[in-house]
Amino acid sequence: MEVTIHPSWKNELQAEFEKPYFAQLATFVKDEYKSRACYPKASEIFVAFDSCPFEAVKVVIIGQDPYHGAGQAHGLCFSVNEGIAHPPSLINIFKEIERELGVPYPKCGNLLRWASQGVLLLNATLTVRRGLAGSHQNRGWETFTDAVIGVISQKKENVVFLLWGSYAQRKGKDIDKTKHLVLTSGHPSPLSANRGLWFGNGHFIKTNNYLKAKGIRGIEW
């Protein structure tokens, strides 16, 4: 798998691309894409990075796995292509934004508009086999995305990390909270949201208030 990724990220992550685990991961992903239906499209595996250069990162949202249904995943966590029905977690994200900010619920579930403003929409695992959640876990992607979080934490300042659910919170446990804002809550999935662990977290307002206090333009959610 030849890595075609935004030059700013290639510069920051070159050491990861040269490690043995990444070579093994690349071989696995190549074989999977040759022999199975996988998501997202190979050309979209690194869309989160291509649409949000390292220098531009203001906010990091951590997901777990790409969607594994046809036409859904396109390289940004929680996001779906235009014209695709909104999955339950995305519905609850949009409902919370509407509740907090009065922003009307959008027709389009493509979050590229967030990425272009500096929101890194990072799944822990960047690929998946069709119809089989978690099928590409524990193959090396998690090591790679840990390195991504680490380099942001170490080299940047005043980034907001949104850690929704226990998985994202474990993944972000080593973020330097002296330099960054880390916001945690339940996951927006119905299982968590319906138990009162998601709605009312205020994360979208808190994110913008923090950014503005640091002299950084907020996100138009």
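## Helix packing, ring pairs and a few backbone oddities

Asn158 sits in the loop that runs between α6 and β5. In this predicted model, Asn158 shows a positive phi of about 60°, even though it isn't a glycine. A second asparagine, Asn138, also has a positive phi of about 60° without being a glycine. Asn138 is placed in the loop between β4 (128–129) and α6. With a relative accessibility of 70%, Asn138 passes the 50% cut-off, so it counts as exposed. Why point these residues out? Most residues other than glycine have a negative phi, and most peptide bonds are trans. The peptide bonds have something to show here too: Tyr39 and Pro40 are joined by a cis peptide bond, with omega at about -10°. Pro40 belongs to the loop between β1 (38–39) and α3 (47–50).

Next comes helix α6, which spans residues 141–155. Two packed helices are described by the angle between their axes and the distance between the axes. Helix α2 (residues 20–35) packs on α6 at an angle of about 125°, and the two axes are 9 Å apart. An angle of that kind makes α2 oblique to α6. As for handedness, α2 passes α6 in a left-handed crossing. On the α2 side, the contact is made by Tyr21, Phe22, Leu25 and Val29, while α6 brings in Trp141, Thr143 and Phe144. Sorted by class, this contact of α2 with α6 has six nonpolar residues, one polar residue and no charged ones.

Helix α1 (residues 7–17) packs with α6 as well, at an angle of about 130° and with the axes 10 Å apart. Again the label is oblique, this time for α1 relative to α6. The crossing of α1 and α6, though, is right-handed. From α1, the residues Trp9, Glu12, Leu13, Glu16 and Phe17 take part. They meet Thr143, Phe144, Ala147, Val148, Val151, Ile152 and Lys155 in α6. By class, the contact of α1 with α6 comes out as eight nonpolar, one polar and three charged residues. Thr143 and Phe144 of α6 turn up in the contact with α2 and in the contact with α1.

Now for the aromatic rings. How many aromatic pairs does a search of the whole structure find? The count is 20. A pair of aromatic rings is described by the distance of the centres and the angle of the planes. Take Phe78 and Trp164: their ring centres are 5.6 Å apart and their planes are at 55°, so this pair is tilted. The pair ties together distant parts of the chain, since its two members are 86 residues apart. Phe78 is in the loop between β2 (59–63) and α4 (88–101), and Trp164 is in strand β5 (residues 160–164). Are these two residues buried or exposed? Phe78 has a relative accessibility of 10% and so counts as buried. Trp164, at 2%, counts as buried too.

Trp141 and Phe144 form another pair, with ring centres 6.0 Å apart and planes at 65°, so this one is edge-to-face. Both residues are in helix α6, and because they are three residues apart, about one helical turn separates them. Trp141 and Phe144 are both buried. They also belong to a bigger picture: ring pairs link Trp9, Phe17, Tyr21, Phe22, Phe46, Phe49, Phe54, Trp141 and Phe144 into a cluster. Some names here are familiar from the helix contacts, including Tyr21 and Phe22 of α2 and Trp9 and Phe17 of α1.

One last stop is Ile91 and Ser189. These residues are 98 apart along the chain, and their C-alpha atoms are separated by 8.9 Å. Ile91 is part of helix α4. At 26% relative accessibility, Ile91 counts as partly exposed. Neighbours within four places in sequence aside, Ile91 is in contact with His86 and Tyr105. Ser189, for its part, is in the loop between β6 (181–185) and α8 (190–193). Its relative accessible area is 18%, which is under the 20% cut-off, so Ser189 is buried. Once neighbours within four places in sequence are left aside, Ser189 is in contact with Ser89 and Asn92.

How values were computed: Residues numbered from 1 in each chain as written. Predicted model: local features only at pLDDT ≥ 70, side-chain atom pairs only at ≥ 80, totals over all residues. Heavy atoms only, no water. Axes fitted to C-alpha atoms, helices over the stretch in contact; angles between N-to-C directions. Helix = DSSP H or I, 4+ residues; strand = E, 2+ residues; numbered from the N terminus. Parallel < 35°, antiparallel > 145°, perpendicular 65-115°, else oblique. Left-handed = near helix turned anticlockwise from the far one by under 90°. Contact = heavy atoms within 4.5 Å. Nonpolar A, V, L, I, M, F, W, Y, C, P; charged D, E, K, R; others polar. Phe/Tyr/Trp six-rings, centres within 6.5 Å; stacked < 30°, edge-to-face > 60°. Buried < 20%, exposed > 50% of the residue type's maximum accessible area, 1.4 Å probe, protein only.
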